[in-house]
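Let's take a walk through a protein fold together, one step at a time. Have the picture ready and follow along.

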Amino acid sequence: MPDEGLLIRLDATPASDSWGFVGRVMIGEAEAYRTLRSYATPAEAQQAVQRIVAAALGPLLAGEEWRAIGEATGRTPLREDLGIGLGAHNEPPQNNDPARG
């Protein structure tokens, strides 16, 4: 296999009991997840697995951003740090406190 990086794919396949379709998360050629429910069409199964992945990744990524901003500022993030409200900015603030190094 050429060095193309790891491919994560969301698709649908017939359910193992032949009653509808399930959504799958494929990492390369390995099946990492399969929906527990089956759906009437492949499109419904794929939409379901997309919602599941989005619901799992969203909070995970938000938590990582929260942690990174907290580490950069040395405190719990404030509204300004998160870019919420008027005068918001997109970059996390830099810690310019000489005592913190």
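Keep in mind as you look that this is a predicted model. A good place to begin is with two strands, β2 (residues 21-27) and β3 (residues 30-34): they run antiparallel and are joined by four bridges. To see one pairing for yourself, find arginine 24, whose bridge partner in β3 is arginine 34. Together β2 and β3 make a hairpin, with two residues between them. In that turn sits glycine 28, which has a positive phi of about 65°.

Now turn to the other neighbour of β2. Strands β1 and β2 also pair in the antiparallel sense, this time over seven bridges. Here you can look for isoleucine 8, which has isoleucine 27 in β2 as its bridge partner.

Put these pairings together and you get an open sheet of three strands, in the order β1-β2-β3, with antiparallel pairing. Strands β1 and β3 are the edge strands, since each pairs on one side only. From one strand to the next, the twist averages 35°. Helix α1 (residues 42-73) packs on this sheet and touches β1, β2 and β3. The direction of α1 makes about 140° with that of β1.

Finally, let's visit the surface. Leu6, Ile8 and Ile27 make a nonpolar surface patch of about 310 Å². Two of these names are familiar: isoleucine 8 and isoleucine 27 are the bridge partners you met earlier. Leucine 6, in turn, lies in the segment before β1 (8-14). Is leucine 6 buried or exposed? Leucine 6 counts as exposed because its relative accessibility is 66%, and the cut-off for exposed is over 50%.

Key
Residues numbered from 1 in each chain as written. Predicted model: local features only at pLDDT ≥ 70, side-chain atom pairs only at ≥ 80, totals over all residues. Heavy atoms only, no water. Patch = residues over 30% accessible without salt bridge, like charges linked within 9 Å, V, L, I, M, F, W, Y side chains within 5 Å. Areas by Shrake-Rupley, 256 points an atom, 1.4 Å probe, with all protein chains shown as cover. Salt bridge = Lys/Arg side-chain N within 4 Å of Asp/Glu carboxyl O. Buried < 20%, exposed > 50% of the residue type's maximum accessible area, 1.4 Å probe, protein only. Pairing = 2+ DSSP bridges. Axes fitted to C-alpha atoms, helices over the stretch in contact; angles between N-to-C directions. Contact = heavy atoms within 4.5 Å.
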